[in-house]
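Work through the following exercises with the sequence and the model side by side, and try each task before reading its solution.

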Amino acid sequence: MAGRRVLVLIGSETDLVKVEAAITVLSQHGIETELRVASAHRTPERVVELAMTARDRGFGVIIAAAGLAAALPGVVAAHTTLPVVALPLAAGTLGGMDALLACVQMPPGIPVATVGIDSARNAGLLAVQILALGEPALAAKLSKGRRAMIRAIEESDGRIGGGKR
């Protein structure tokens, strides 16, 4: 299926450990990923080229992870009409709040979907949900995963006594 790939961009190699959960989720759902290091500040031309060619290279969603000023998701979104999922990363003295605000405070016309700070798993799941809009089998797999989460919570409730103390 065209567009059934996710491009994952990180600003530096040190961010890799923080995005691994997203890549794992994508892999578990049979989604091919390409991981690239590109910095909005240090390699802006590379960022623009990756964003502008992503659709033609078969990507359907881009996850952009960044800490501190977190310009990467916004720059990417400015150069593509593909959905961009921002993954703000905890870094520096503000613990990721600066990155979170940079990702959610986009100007009108350049939307970026943003998950919580260091929430790589949710970034991966959101990308899968977006891709599942056009693929019923993928949507069914997501539903199965949700049912498994419900069962796990119900089992936990049963183990702790179902509210009885």
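**Exercise 1.** Determine which residue of E3 stands opposite Leu7, and place that pair in the sheet.

*Solution.* Leu7 stands opposite Ile62 in E3, and the two strands E1 and E3 pair in the parallel sense over 6 bridges, where pairing requires that DSSP finds at least two bridges between the strands. The model is a predicted one, in which local features need pLDDT of at least 70 and side-chain atom pairs count only at pLDDT 80 or more, whereas totals for chains, interfaces and linings use all residues. Residues are numbered from 1 along each chain as its sequence is written, and side-chain values use heavy atoms, with hydrogens and water left out. Strands (E, at least two residues) and helices (H or I, at least four) are DSSP runs numbered from the N terminus. On the E4 side, Ile62 has Val84 as its bridge partner, and strand E3 (residues 59-67) runs parallel to strand E4 (residues 84-89) over 6 bridges. The next step is to set these pairs in the whole sheet, which is open, has 5 strands in the order E2-E1-E3-E4-E5, and shows parallel pairing. Its edge strands, each pairing on one side only, are E2 (32-37) and E5 (113-114).

**Exercise 2.** Establish whether the residues of E1 are buried or exposed, and trace the chain from E1 to E2.

*Solution.* Begin with accessibility, for which buried means under 20% relative accessible area, exposed over 50%, and partly exposed in between (1.4 Å probe, protein chains only). Of the 6 residues of E1, 6 are buried, so this strand is largely enclosed by the rest of the structure. In a regular strand the side chains alternate between the two faces of the sheet. Both faces of E1 are covered, with Arg5, Leu7 and Leu9 buried on one side and Val6, Val8 and Ile10 buried on the other. E1 also runs parallel to E2, to which 6 bridges join it, and Val6 stands opposite Thr33 in E2. The chain passes from E1 through H1 to E2 in a right-handed β-α-β crossover, meaning that, with the strands pointing away from the viewer, the path from the first strand over the helix to the second runs clockwise. Helix H1 (residues 16-28) lies across E1, E2, E3 and E4, and runs at about 175 degrees to E1.

**Exercise 3.** Describe the surroundings of Leu35.

*Solution.* Leu35 belongs to strand E2 and is partly exposed, having a relative accessible area of 35%. Leaving aside residues up to four places away in sequence, Leu35 touches Val8, Ile10, Leu16, Val19 and Ile23, where contact means heavy atoms within 4.5 Å.

**Exercise 4.** Characterise the packing of H5 and H6.

*Solution.* Helix H5 (residues 120-132) packs on helix H6 (residues 136-159) at an angle of about 140 degrees, with their axes 8 Å apart; the axes are lines fitted to C-alpha atoms, for helices over the stretch in contact, and angles run from 0 to 180 degrees between N-to-C directions. The two helices are therefore oblique to each other, since angles under 35 degrees count as roughly parallel, over 145 as roughly antiparallel, 65 to 115 as roughly perpendicular and the rest as oblique. H5 contributes Leu125, Val128, Gln129, Leu131 and Ala132 to the contact, and H6 contributes Pro136, Leu138, Ala139, Leu142 and Arg146.
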